[in-house]
Amino acid sequence: MTLFTSDIKNQHWRTDANGESAGDTMFASDVKGQRRQADVNVTSVRATLFSTDFKENHRRMAKTGFVYLFATLFLVLFGAVYERFSHEVYSYYMLYAFAIPLAGGVLPFFSLAFSNRLPMPGRVVRNLYHSAIATLTVGSCFAGVLEIYGTTNSLIKVYWIVGGGFLACAIILYLAAIHSRS
């Protein structure tokens, strides 16, 4: 005899007159499923600091290296065009802005892509590192523009501080992931 019927997460369960539930196994499996999902979430948080898929990571690192290579080439072209139309006024920040994605992006990511010995950084580390390189590059371009126009701005320091902070966080997390793995 069914006294109570309910629908929890699209799973029906019944309680009979004795208080025994016909759907306890379904509900228990749902709780176990949530526990498994929680375990997966904890594992994915750990995996974001350090990644282990070998072929996919090497392909991702090579692709990222090529993106930085194209950004470097764009900055070389951008700096050359900007210097051409700046009435013979030059800025070392603008001339060497390409060096940041070259040294900070192309070289590290190609070395990760073609090395089997270096551990691959996880998503959090990569995102912090990309933010650092982008911040430092934009700061260099902006400092170059201001220098070419003959003005100064004290907020230029913010680019270097924030970019350095992102870079330090990325390196610390990468080293912590390597240390926790071994």
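In which helix does G104 lie? The residue belongs to helix 4, and it offers a convenient point of entry into this structure, which is a predicted model.

The overall architecture may be set out before the details. The protein contains six helices and two strands, and from the N terminus on these elements follow the order β-β-α-α-α-α-α-α. Of its 182 residues, 32% are buried. The protein exposes about 12,100 Å², and carbon and sulfur atoms supply 65% of that area. When contacts between residues at least 6 apart in sequence are considered, 66% of them join residues at least 24 apart.

Helix 4 (99-113) may now be examined around G104. With a relative accessibility of 9%, G104 falls under the 20% limit and therefore counts as buried. Leaving aside neighbours within four places in sequence, G104 is in contact with A99, F109, Y129 and I133. The C-alpha atoms of G104 and H130 are separated by 9.1 Å, although these two residues are 26 residues apart along the chain. The helix itself has 15 residues and reaches 20 Å from its first C-alpha to its last, close to the 21 Å expected at 1.5 Å a residue. Its buried residues are I100, P101, G104, G105, V106, F109, F110, L112 and A113. These residues pack against helix 2, helix 5 and helix 6.

Those partners of helix 4 lead to the interior. In soluble globular proteins, nonpolar side chains tend to be buried together. The largest nonpolar core here has 17 residues, of which M61, Y68, F109, L112, Y129, I133 and A170 touch the most other members. Two or more residues of this core come from each of helix 2 (54-84), helix 4, helix 5 (123-149) and helix 6 (156-181). Helix 4 gives the most, with six residues. M61 illustrates the connections: not counting residues up to four places away in sequence, M61 touches F109, L112, A113, M120, P121 and R126.

M61 is also one of the buried residues of helix 2, the element to consider next. Helix 2 has 31 residues and reaches 45 Å between its first and last C-alpha atoms, close to the 45 Å expected at 1.5 Å a residue. Its buried residues are N57, H58, M61, A62, T64, G65, Y68, T72, L75, G79, Y82 and E83. The cover over these residues includes helix 3, helix 4 and helix 5.

Helix 2 also holds both members of a salt bridge, E56 and R59. Their closest N and O atoms are 3.1 Å apart, and the count for the model comes to one salt bridge. Why can two such positions face each other? An α-helix has 3.6 residues a turn, so residues three or four places apart point the same way. E56 and R59 are three residues apart, about one turn of the helix. Their accessibility falls into two classes: E56 counts as partly exposed because its relative accessibility is 31%, whereas R59, at 52%, counts as exposed.

Helix 6 also contributes to the core. The 26 residues of helix 6 should span 38 Å at 1.5 Å a residue, and the end C-alpha atoms are 38 Å apart, which agrees. The buried residues in helix 6 are I156, G163, A170, Y174 and A177; A170 is also among the core residues that touch the most other members.

Two loops remain to be considered. E88 lies in the loop between helix 2 and helix 3. Most residues other than glycine have a negative phi. E88 has a positive phi of about 60 degrees although it is not a glycine. E88 is classed as exposed because its relative accessible area is 55%.

The other loop, between helix 3 (92-95) and helix 4, contains Y96. At 47% relative accessibility, Y96 counts as partly exposed. Together with Y90, Y92 and L95, Y96 makes a nonpolar surface patch of about 480 Å². The loop that holds Y96 leads back to helix 4, the helix in which G104 lies.

How values were computed:
Residues numbered from 1 in each chain as written. Predicted model: local features only at pLDDT ≥ 70, side-chain atom pairs only at ≥ 80, totals over all residues. Heavy atoms only, no water. Patch = residues over 30% accessible without salt bridge, like charges linked within 9 Å, V, L, I, M, F, W, Y side chains within 5 Å. Areas by Shrake-Rupley, 256 points an atom, 1.4 Å probe, with all protein chains shown as cover. Salt bridge = Lys/Arg side-chain N within 4 Å of Asp/Glu carboxyl O. Helix = DSSP H or I, 4+ residues; strand = E, 2+ residues; numbered from the N terminus. Buried < 20%, exposed > 50% of the residue type's maximum accessible area, 1.4 Å probe, protein only. Core = buried A, V, L, I, M, F, W, Y, C linked by side-chain atoms within 4.5 Å. Contact = heavy atoms within 4.5 Å. Expected span 1.5 Å × (residues − 1).
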